[in-house]
Amino acid sequence: MNDTIKLLMEHSSIRKYADTPLTSDQLHTIIAAGQQASTSSNMQAYSIIRITDKTIRQELMKLSGQQQHVEEAPEFLVWCADLSRIHHATIGAKLIAPNDHLELAEHFIIAAVDAALAAQNSAVAAESMGLGILYVGGIRNHIHQVAELLQLPRYVAPLFGMCIGYPLEQPILRPRLPIAAVLHENHYTSNDSHVAQYNDRMAAYVFDRSGGRQQFNWSEAMAKRLEGKQRDDVLTFLHKQNLLKK
Ligand SMILES: Cc1cc2nc3c(=O)[nH]c(=O)nc-3n(C[C@H](O)[C@H](O)[C@H](O)COP(=O)(O)O)c2cc1C
């Protein structure tokens with residue numbers, strides 16, 4: 001196993017951070033490493049908003065379901081799908097006639113994938129420096145308010161936040177599904193035995209990690225997730241931003 005693979009295999013989300021700030025060099029490198037990720041047709045259809053204002057941080061913490069790490073982590077970045085820059089550079093600059101292409105689902109997928117690839121490159125860069133990270137999808141709990149708070153223009157949508165800082169915890173690694181459950185050959189195949197096997201591993205993991213206080217398996221956790229709040233205003237929000245309209 002080389003050092004890169006070892007780093008990837010040791011990933012664990014961090015929810016408790018030391019106060020130690022990142023240096024501006026560290027932050028710069030983390031963002032530059034993110035930017036070097038593959039990007040669809042070099043569109044680079046994402047933006048990152050670094051939240052340094054304490055009031056905005058606190059507001060985001062509340063809007064994300066009272067996740068304390070959002071307020072406490074030394075850095076908090078909001079990763080956005082961003083087709084606004086391309087709109088300005090093309091239609092805005094009158095290089096092409098106004099059209100509705102950026103409203104297509106295809107372009108939203110491009111922007112969301114670009115943002116996720118850049119974010120994951122940044123996450124790995126941060127982890128390679130001994131920092132910990134946490135993705136925060138909780139910012140979509142109140143997506144309209146978050147966009148308003150961050151003054152996002154049309155064609156821009158917040159996807160997830162990211163806490164970064166030195167870890168104050170070393171969680172037990174969360175087991176993943178067996179490779180055979182996610183890797184198919186030539187055709188899609190279903191095999192419930194992989195899930196059954198994983199349910200046993202996850203139940204043991206949850207029991208250990210909670211010091212015996214919790215006991216549920218993966219299927220049960222997923223069922224709970226699907227029954228909970230569904231962020232059902234996301235589509236209305238995306239339409240308002242001129243995204244994902246057709
Ligand atoms: C897009 C995305 C959003 C997430 N949102 C949250 C979140 O709001 N709060 C949280 O505590 N964890 C969040 N997570 C972390 C996942 O729960 C975590 O990555 C997963 O359970 C696997 O655990 P691990 O990262 O420790 O291996 C998010 C992860 C991703 C990829």
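The predicted model holds 5 salt bridges, a salt bridge being a side-chain nitrogen of Lys or Arg within 4 Å of a carboxyl oxygen of Asp or Glu. Because the model is predicted, local features need pLDDT of at least 70 and side-chain atom pairs count only at pLDDT 80 or more, whereas totals for chains, interfaces and linings use all residues. Residues are numbered from 1 along each chain as its sequence is written, and side-chain values use heavy atoms, with hydrogens and water left out.

Side chains of opposite charge can pair when their charged atoms come close. One of the salt bridges links Asp100 and Lys246, with an N to O distance of 2.9 Å. Asp100 is placed in the loop between helix H5 (84-92) and H6, and Lys246 in the segment after helix H11 (234-240), so this pair ties together parts that are 146 residues apart in sequence. Helices (H or I, at least four residues) and strands (E, at least two) are DSSP runs, numbered from the N terminus. Lys246 also meets Glu103 in a salt bridge, at 3.4 Å from N to O. Since Glu103 lies in the loop between H5 and H6, this second pair connects parts 143 residues apart in sequence. Asp100, Glu103 and Lys246 are thus joined into one network by salt bridges that share partners. Within the network, Glu103 is buried, with a relative accessible area of 12%, while Asp100 is partly exposed at 33% and Lys246 is partly exposed at 48%. In these assignments, buried means under 20% relative accessible area, exposed over 50%, and partly exposed in between (1.4 Å probe, protein chains only).

A further salt bridge is formed by Lys6 and Glu10, whose closest N and O atoms are 3.2 Å apart. Both residues are partly exposed: Lys6 has a relative accessibility of 41%, and Glu10 has a relative accessible area of 47%. Ile5 belongs to helix H1 (residues 3-9) and is likewise partly exposed, at 38%. Together with Met1 and Met9, Ile5 forms a nonpolar patch on the surface, with about 370 Å² of accessible area in total. Patches are made of residues with over 30% relative accessible area and no salt bridge, like charges being joined within 9 Å and nonpolar side chains (Val, Leu, Ile, Met, Phe, Trp, Tyr) within 5 Å. Accessible areas come from the Shrake-Rupley method with a 1.4 Å probe, and for residues only the protein chains shown count as cover.

The strands were examined next. An open sheet is formed by 4 strands in the order E1-E2-E4-E3, with antiparallel pairing; two strands pair if DSSP finds at least two bridges between them. Strand E1 (46-50) and strand E3 (132-136) are the edge strands, each pairing on one side only. On average, neighbouring strands of the sheet are turned by 25 degrees against each other, direction ignored. Helix H6 (residues 105-128) packs on this sheet, touching E1, E2, E3 and E4, and its direction makes about 5 degrees with that of E4. For such angles, axes are lines fitted to C-alpha atoms, for helices over the stretch in contact, and the angles run from 0 to 180 degrees between N-to-C directions.

Strand E2 (residues 75-82) and strand E4 (residues 156-165) pair over 8 bridges. Among the partners in E4, Gly161 is bridged to Val78 and Val156 to Asp82. E1 and E2 are paired over 5 bridges, with Tyr46 matched to Ala81 in E2. E3 and E4 also pair over 5 bridges, and Tyr135 stands opposite Met162 in E4. In E2, 8 of 8 residues are buried. Both faces of E2 are covered, with Glu75, Leu77, Trp79 and Ala81 on one side and Phe76, Val78, Cys80 and Asp82 on the other. In E3, 4 of 5 residues are buried.

Two buried residues outside the strands were also considered. Leu131, in the loop between H6 and E3, has a relative accessibility of 4% and counts as buried. Leaving aside neighbours within four places in sequence, the contacts of Leu131 include Leu22, Gln26, Ile30 and Ile164, contact meaning heavy atoms within 4.5 Å. The C-alpha atoms of Leu131 and Gln26 are separated by 10.0 Å, although these residues are 105 residues apart along the chain. His69, in helix H4 (residues 68-72), is buried at 10% relative accessibility. With neighbours within four places in sequence again left aside, His69 is in contact with Arg15, Tyr17, Leu134 and Cys163.
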